Amino acid sequence: MGLFGRGKGGGLMNVIRCDLQDYLVWKWRPDGQELNSTSRENAIRWGSSLRVKDGELAVFVYQQQNGTLEDFILGPCDKTIETSNFPVLTSIIGMAYGGESPFQADIYFINLAKNVQIKFAVPYFEVADPRFLDFVVPVAAGGTITFNITDYREFIKLNRMQNFSLEDFQRQVKDAVIRRVKDTIANAPMDYGYPLVQIDRKIDEINRIVKDKLALDFENDFGVNLRRLDLSRIEIDKESEGWHQLRSATIDQQERLINAQTEASLKNLEDTQRINAINMEESLRVQREETQRAQRLQTESQFIGAHALNRQADVLETAAANLGQMSSIDGSGGNGGMNIAGLMAGMGVGGAVGGQMAGMMNNMGNAMNGQMNAGAVPPPPPGGDTWMIAVNGQTSGPFTVPQLQLLVQNGNLTPTTYVWKQGMLNWEQAGNVPELMVVFGAQAMPQTPPPPPGMPPVP
């Protein structure tokens, strides 16, 4: 405070400022005046000077009949109290004092730049695990909080400035912190599923939960901003009986759980293996049946030509026999003459059968050629060599020797017909193949024997 001279009313001029370095809220009084000492405690001369440093706020509180009025002056500010910088003050003085008499106001300085840090400690309190409510464990915690004032209007509204004590304010804040920390830790096993025996490992998660809750408490209840919460420790009393009982029960439960999970895993593995084995067996069975079916179809397709040929040979053999019987019909009425009718019938039927046989031979040859062109050459039939024949420039076969004999009987195979079998270099006339002499009988034999060795041939 300094002296600026006397006003018109004879009072001393004031210098309104705060010289403290570390404070949160401080009430200014005229020099030498104590709290509730005289009526002049809040008497301020018009023309006094006001000095507010950067980061400070000066609050003028006027008590009027219609309520409380306030002027807020943010630093930096160095003014004489007689300007429009104080709109409420100017109105009051002009109305009540005419600018000459002292006016009444409570003046508070608030440090907006200060971060207040408070250490707190939560003594041991009992916490129960919801799975084992009979075993309670003592738990303690501790840390620090840091806060400051950002909304000074809300702060002033929520706190009594006239009797403000930082110690009392810090005690209220600390009580709120301890209450929140205890409540969060005590309910963490139930609310968040944190195992009580390992709750000290969840310090970061619990710190975030408590900070979110305290931020709202500080704003709504105290009008300050919670900048940091550092929950530095959560201690479990590991010497207590409750902790040992809880740990033993937890270990037993974990072992049972692990055993149950292991058994379930083994059961699932066995079931999976059994199902896989059944599926594999069924797949192999289906695959085996499909393979056998494919093999049967392939075998049937390979032998179907030979089977059809055998059936056709049976038909030809039956037709030849019938042809011989028809040729013996006696057309002369039993007189022993030439059987002209029987001969004509035999020739007609023989021609018809011969034509049918030729058509069947051609069809068989075409079918066999189609198989050969398709790459599906049938295997030789059992019972000896098979022969191919060439008739009118088309090949047919293969034929067995008995089948060739039938062809000789119906005239479709003569000694001049070309034949071939596997192992021969070229086609040969059937009459020149010694192996086929038995097919033609004497028909293929020379009519006269050749000259004996050493004799000239007969002209």
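Through how many residues does a hairpin join S5 to S6? In this predicted model, the hairpin joins S5 to S6 through two residues. Strand S5 covers residues 56-64 and strand S6 covers residues 67-74, and the two pair in the antiparallel sense over eight bridges. Within this pairing, Tyr62 stands opposite Leu69 of S6.

The protein has 459 residues, of which 34% are buried. Eight helices and 16 strands are found in the protein. Among contacts with a separation of 6 or more, 64% are between residues 24 or more positions apart. The accessible surface amounts to about 27700 Å², and carbon and sulfur atoms contribute 51% of that surface.

One open sheet consists of three strands in the order S10-S11-S12, with antiparallel pairing. Strand S10 (116-129) and S12 are the edge strands, each pairing on one side only. From one strand to the next, the twist averages 20°. S10 and S11 run antiparallel and are joined by twelve bridges. In this pairing, Ile118 has Ile145 in S11 as its bridge partner. Helix H3, made up of residues 166-191, lies across S10, S11 and S12 and runs at about 30° to S10. H4 also packs on the sheet, where it touches S11 and S12, and the direction of H4 makes about 140° with that of S12.

Asn225 belongs to strand S12, which spans residues 225-236. With a relative accessibility of 31%, Asn225 counts as partly exposed, because partly exposed residues fall between the limits of 20% and 50%. When neighbours within four places in sequence are left aside, Asn225 is in contact with Thr146, Phe147, Asn148 and Thr150. The C-alpha atoms of Asn225 and Asp151 are 8.2 Å apart in space, while the two residues are 74 residues apart in sequence.

Aromatic rings were examined next. A search of the whole structure gives 13 aromatic pairs. In the pair of Trp26 and Phe109, the ring centres are 5.9 Å apart and the planes stand at 45°, so the pair is tilted. This pair links distant parts of the chain, as Trp26 is in strand S2 (residues 25-28) and Phe109 is in strand S9 (residues 106-111), 83 residues apart. Is Trp26 buried or partly exposed? Trp26 has a relative accessible area of 25% and is partly exposed, whereas Phe109 has 0% relative accessibility and counts as buried. A second pair is formed by Phe147 and Phe218, with ring centres 6.0 Å apart and planes at 85°, so this pair is edge-to-face. Phe147 lies in strand S11 (residues 132-148) and Phe218 in helix H4 (residues 203-222), so the pair ties together parts that are 71 residues apart in sequence. Both Phe147 and Phe218 are buried. Phe147 and Phe218 also belong to one aromatic cluster, together with Phe155, Phe164, Phe169 and Phe222. Elsewhere, a charged side chain is placed over a ring: Lys27 lies over the face of Tyr108, at 5.7 Å from the ring centre.

Another open sheet has four strands in the order S14-S13-S15-S16, with antiparallel pairing. Strand S14 (394-399) and strand S16 (428-429) stand at the edges with a single partner strand each, so one side of each is left without a neighbour in the sheet. Helix H7, residues 401-409, packs on this sheet and touches strand S13 (387-391) and S14, and the direction of H7 makes about 130° with that of S14. The buried residues of H7 include Gln403, Leu404, Leu406, Leu407 and Val408. Gly411, just after H7, takes a positive phi of about 85°.

The pairings within this sheet can be described in turn. S13 and S14 run antiparallel and are joined by four bridges, with Ile389 opposite Ser396 in S14. The two strands form a hairpin with two residues between them, and Asn392 in the turn has a positive phi of about 55°. Strand S15, residues 418-420, runs antiparallel to S16, and two bridges join them. Val419 has Glu428 in S16 as its bridge partner.

How values were computed:
Residues are numbered from 1 along each chain as its sequence is written. This is a predicted model: local features need pLDDT of at least 70, side-chain atom pairs count only at pLDDT 80 or more; totals for chains, interfaces and linings use all residues. Side-chain values use heavy atoms; hydrogens and water are left out. Two strands pair if DSSP finds at least two bridges between them. Contact means heavy atoms within 4.5 Å. Axes are lines fitted to C-alpha atoms, for helices over the stretch in contact, and angles run from 0 to 180 degrees between N-to-C directions. Rings of Phe, Tyr and Trp (its six-membered ring) pair if their centres lie within 6.5 Å; planes under 30 degrees apart count as stacked, over 60 as edge-to-face and the rest as tilted. Buried means under 20% relative accessible area, exposed over 50%, partly exposed in between (1.4 Å probe, protein chains only). A charge sits over a ring if NZ of Lys or CZ of Arg is within 6 Å of the ring centre and within 35 degrees of the ring normal. Accessible areas come from the Shrake-Rupley method with a 1.4 Å probe; for residues, only the protein chains shown count as cover.
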